[in-house]
Amino acid sequence: MSERISRGDVEHVARLARLELTDDEIDLFTGQLGDILEHAADIEALDVGDIEPTSHPLPLVNVLRRDEIVASVDRDEVLAQAPANEAGQFRVPPVLGEEP
Amino acid sequence: MTDFVAPASTDDTPIEPTLPGGWELVVGLEVHVELDTATKLFCGCANQFGSEPNTNVCPTCLGLPGSLPVMNETAVALAMRLGRALGCDVNRSVMARKNYFYLDMPKDFQTTQYDQPTNSDGKIELGDGFVVGIERAHIEEDTGKSTHVGGGGRINDAEYSLVDYNRAGVPLVEIVSRPDVRTIEHAKAYVEELRGILLATGVSDARMEEGSMRVDANVSVRPHGSDELRTRCEIKNINSVRSLGRAIDYEARRHIDLWTNAGAPDQETRHWDEEGGRTTSGRSKEDADDYRYFQEPDLVPLEPSSEEIAAIDASMPMLPAARRAALLAASDADADAIGILVERGQDELAMVAIDSGADGDKVVTRLVNDLAVDDWSNVTAESFTALIQMESAGDLSATQAKQVLGDLIEKGGDPAALAAARGFEAMDTGELESLVDQLIADHPDEWSRFSRGDDGDRKKMQGFFTGQIMKATQGQADGKAVAQLLAQKSA
Amino acid sequence: MTALEIAAAVRAGERSAVDVLNEHLARIDDRDGELNAFNVVTADAARAEAEGVDAAVAAGDDPGPLAGVPLALKDNMCTRGIPTTCSSKILEGWQPPYDATVVTRLRAAGAVAVGKTNLDEFAMGSSTENSAFGPTRNPLDISRVPGGSSGGTAASVAANFTPLGIGSDTGGSIRQPAAFCGVVGMKPTYGVVSRYGLIAFASSLDQIGPFANSVADAAAMFDVIAGPDPLDSTSIRDYSPDASAVLDRGVDGLRVGVIRELSGGEGSVDGLSADVLARTNEAVEVLRAAGAIVSEVSVPSATLGLSAYYLVAPAEASSNLARYDGVRYGLRVDAPTTGEMNTASRTAGFGPEVKRRIMLGTYALSAGYYDAFYGKALKVRTMMLRDFAQAYENVDVLVTPTAPTTAFRLGERTADPMTMYVNDVCTIPSNLTGHPGISVPFGVGDDGMPVGVQVLAPALGDELTFQVAAVLEATASGGVS
């Protein structure tokens with residue numbers, strides 16, 4: 001098993017991603033993610049000092065639209081796809097805690 | 001969001017007087033304002049408060065798979081306008097994703113700005129000259145809203161929740177202050193001042209009660225004279241300026257109590273409980289601070305030209321601080337009264353009236369007292385000035401002028417016409433004189449007692465004649481003019 | 001019949017679109033049980049569309065350049081009222097309330113969509129084995145994979161279920177399955193085809209493109225789907241290519257480069273098989289014989305592509321796939337609270353490869369690792385853009401293998417993710433740089449399976465890739481294979 005990523009890291013990342021992993025999956029992912037990160041060591045080791053990052057292959061800027069209302073989609077069509085709805089809204093189990 | 005760097009206080013630093021001695025309050029404010037656009041930030045759905053649930057939604061603001069955002073040019077323009085009004089640098093900026101799971105957020109990330117915000121490094125000068133630094137004012141999207149059903153509507157006791165995404169994607173600017181505020185009054189004044197700027201620039205309607213302006217306060221305390229940075233708490237759910245003061249006061253005292261008796265408070269988000277008059281702990285912050293920001297790949301950078309920024313500056317209206325200074329210079333009235341007028345947006349009425357020759361102090365007093373109404377949209381600078389002129393010319397008594405102003409507020413129009421409609425027409429001197437002559441002819445005995453009697457008789461009879469004239473004119477005659485005529489005739 | 005022949009016949013009123021459709025539906029009916037190329041076949045909707053095309057012809061209207069041509073849509077393109085699943089349990093049964101821009105454009109051009117094709121779940125994979133609805137098989141040898149992630153579309157075109165197909169390419173997901181199935185597949189310049197309605201895998205890398213049995217058919221389809229779209233902020237505004245017009249221009253005088261790092265020789269990445277390299281070299285010789293000037297160029301950072309890709313793509317995916325939380329659409333697994341419901345739904349709805357990439361991407365973005373991984377990967381993109389720009393100073397196009405090997409067998413590479421990921425080594429660079437690339441069949445490997453040769457060009461060189469591919473196609477079909 002690689003030392004690049006620990007079981008604890010995997011568990012932390014799973015919580016952030018809202019995934020529940022079995023013990024076996026934690027072991028599996030710890031190993032596999034470690035291997036992938038090991039492969040990425042070539043990048044990690046790179047001296048990239050003053051190189052600007054590219055987040056996007058295109059040099060486009062200022063793509064804007066006019067502030068004009070466009071017809072919205074039909075609420076019933078959208079709600080029909082929801083696992084549960086009530087009174088024109090999406091229904092979910094209770095929320096614990098508060099907004100961040 | 002705020003890097004909590006707060007320099008140590010100096011001798012000039014104000015001290016919050018209500019806190020226990022030896023403690024200094026340190027406050028930074030994060031204010032979210034909804035921009036006054038027709039549509040949302042990334043789609044053509046209406047930016048409208050109070051619609052039926054989920055009627056202003058589309059694939060983009062519902063975060064449906066495959067949907068993409070396109071920036072609203074008006075939202076960007078308003079954000080830059082606000083930035084310039086706050087004295088910020090308007091920068092090349094990029095949108096970023098702030099990743100966390102949240103029911104009201106359809107994509108489970110918020111599209112916002114991170115290390116390259118549109119506006120940075122500005123300031124707001126308060127009425128008393130105190131300056132609060134602005135770290136940044138960045139563009140981001142609003143969330144939807146959920147209601148919690150059952151359990152008395154309280155979130156933790158609810159049976160289930162319902163989500164409405166009408167507000168999701170509404171354009172916001174978040175204005176992040178530096179932690180410069182040291183008193184509750186300054187915190188409140190900051191919010192009032194910012195609200196004035198938002199209204200003056202047309203950036204937002206800034207209604208705290210409708211949630212189009214929302215204030216969060218980062219509160220910490222430290223021993224007076226220290227420059228250390230102590231644990232802060234972010235207080236949310238503050239619904240009025242008054243609540244802001246109460247919430248800061250409560251939170252500061254809670255911190256002081258903890259530091260004195262128990263040790264450091266936890267760094268956390270807390271919620272202001274208006275009814276209970278206290279803050280309560282928000283959700284646990286476990287894992288929550290790891291937002292994994294990265295540049296939004298579905299949007300491209302915003303790169304305003306210097307011409308664009310110059311055009312914004314050129315179209316900038318006078319802002320509250322400048323308006324206060326102008327009215328103060330013109331009127332020499334009380335600074336608080338001037339502050340009230342500028343806040344209400346009535347300073348222009350005062351300036352026009354004063355320019356036309358009216359007494360500044362009187363104008364300011366009249367507006368402060370008699371125009372303290374929510375809706376004064378019918379009162380124009382022209383009509384108000386005309387009214388003031390009629391009053392100072394003696395065409396209207398003070399009481400009459402007040403009544404005409406009431407009519408102006410209610411229905412607007414020309415104050416002379418409104419006065420006429422009320423029958424306040426000033427009597428023409430000739431008409432009044434013939435009325436006096438008729439009375440003298442009808443009452444020869446009384447006239448001789450007036451013209452030849454002693455002082456007592458003269459006084460009594462003046463009262464008689466004036467009374468008769470007022471009766472005949474239904475109170476329209478000017479008492480002073482009547483007295484003058486009687487004196488002339490008897491001479 | 002090719003797509004263009006069908007369209008010509010339908011437009012001329014010589015063949016009815018309904019007849020054409022029925023022929024193709026019969027083939028699907030006959031063989032898709034074995035191949036599993038389609039997640040759903042929308043025969044009724046397709047008939048209605050075909051009838052519309054015939055009615056237009058009867059009325060003397062032109063139904064468009066793809067009139068009556070049956071079309072397969074990768075099941076990550078939104079289709080209003082038609083299930084769109086990304087081959088994931090988490091979207092099973094979801095019916096979008098809107099159409100993707102490409103779908104709208106193809107329909108407007110007269111093409112008839114017959115169904116939605118299988119893919120690796122959320123386009124994450126190189127074999128179409130990572131599908132919640134079972135793997136797709138290669139029509140040329142059903143013991144082998146069709147490649148991926150657009151394996152269903154590639155199989156549909158290769159099996160003649162549909163003359164045309166739509167795929168998406170994030171790291172090679174059009175070009176590699178095209179190579180494995182012996183068809184033409186093209187990834188346009190990033191921004192040339194609207195992504196509106198394409199369910200995102202990695203937004204800065206995803207690009208939609210055509211599959212066809214010939215370069216000319218692919219070009220005709222490309223010409224329909226390319227062009228600006230105000231609904232996609234990353235759409236290039238002033239580029240409306242006409243690839244069909246350049247197909248006969250040849251390569252005389254064209255400067256063709258071979259990338260040293262993808263040549264199998266010294267300084268090259270490992271794992272490129274000898275038969276694939278041999279076909280690629282033959283392709284280069286064909287171009288030379290046709291008048292091209294051939295030289296070797298170096299793109300040093302090409303060797304870093306795989307690592308950069310497997311940081312950038314999962315990072316963006318981890319964010320793009322957060323929205324599948326059981327609240328608004330798709331799978332919900334009930335739980336006492338919304339937070340637990342989110343976790344339960346995601347845990348049950350995503351397959352192992354998707355989870356692996358979400359985990360990897362979340363990790364690469366998380367506090368403390370951003371600079372070491374994601375941040376560095378973005379700088380590698382810059383390096384690659386520079387290296388390619390330098391290479392394109394001396395050459396007009398680059399030729400490489402599309403994939404390191406021919407189609408492998410089902411199950412052969414599922415155990416170790418890294419052995420699967422290396423499949424993308426030749427295709428990934430053009431996703432990171434946003435450049436166009438086409439895979440054209442050129443002979444077969446030692447196992448008799450087709451080999452694809454890839455032609456790369458700089459940004460907006462899309463037409464050029466078709467032009468060069470047309471020369472290779474003419475030779476390949478003339479006997480080399």
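**Exercise 1. How many bridges join strand S2 of chain A to strand S3 of chain A, and do the strands run parallel or antiparallel?**

Before we start, keep in mind that this is a predicted model.

*Solution.*
- Find S2 at residues 85-86 of chain A and S3 at residues 89-92 of chain A.
- Two bridges join these strands, and the strands run antiparallel.
- For a residue pair to look for, take A:Glu86, which stands opposite A:Gln89 in S3(A).
- Now look at the link: S2(A) and S3(A) form a hairpin with two residues between them. In the turn, A:Ala87 has a positive phi of about 50°.

**Exercise 2. Follow S3(A) across to chain B and describe the pairing there.**

*Solution.*
- The partner is strand S9 of chain B, residues 160-164.
- S3(A) and S9(B) pair in the antiparallel sense over three bridges.
- To place one bridge, start from A:Arg91; its bridge partner in S9(B) is B:Leu162.

**Exercise 3. Describe the overall build of chain A.**

*Solution.*
- Begin with the secondary structure, which comes to four helices and three strands.
- Read from the N terminus on, the elements run α-α-α-β-α-β-β.
- The radius of gyration of chain A is 22 Å, well over the 13 Å that the globule rule gives for 100 residues, so chain A is more spread out than a compact globule.
- Along the principal axes, the C-alpha atoms of chain A fill a box of roughly 50 × 45 × 25 Å.
- Finally, 34% of the 100 residues of chain A count as buried.

**Exercise 4. Work out which parts of chain A touch chain C.**

*Solution.*
- Start with the contacts: 45 residues of chain A are in contact with 55 residues of chain C.
- The elements of chain A that give two or more residues to this side are H1 (7-16), H2 (23-39), H3 (41-44), H4 (75-79) and S3.
- H2(A) provides the largest share, six residues.
- Sorted by class, this side of chain A has 30 nonpolar, six polar and nine charged residues.

**Exercise 5. Trace the sheet of chain C from edge to edge.**

*Solution.*
- Eleven strands form an open sheet in the order S1-S3-S2-S4-S6-S5-S10-S11-S9-S7-S8, with mixed pairing.
- The edge strands are S1 (38-41) and S8 (293-297) of chain C, each of which pairs on one side only.
- From one strand to the next, the twist averages 30°.
- For a parallel example, take S2(C), residues 70-74, and S4(C), residues 164-169, which three bridges join. Here C:Ala72 has C:Gly165 in S4(C) as its bridge partner.
- To finish, find helix H2 of chain C, residues 17-35, which lies across S1, S2 and S3 of chain C and runs at about 20° to S3(C).

Conventions:
Residues numbered from 1 in each chain as written. Chains lettered and ligands numbered in written order. Predicted model: local features only at pLDDT ≥ 70, side-chain atom pairs only at ≥ 80, totals over all residues. Pairing = 2+ DSSP bridges. Contact = placed C-beta atoms within 7 Å. Nonpolar A, V, L, I, M, F, W, Y, C, P; charged D, E, K, R; others polar. Axes fitted to C-alpha atoms, helices over the stretch in contact; angles between N-to-C directions. Rg over C-alpha atoms; globule rule 2.2 N^0.38 Å. Buried ≥ 20, exposed ≤ 12 C-beta atoms within 10 Å, placed from the backbone.
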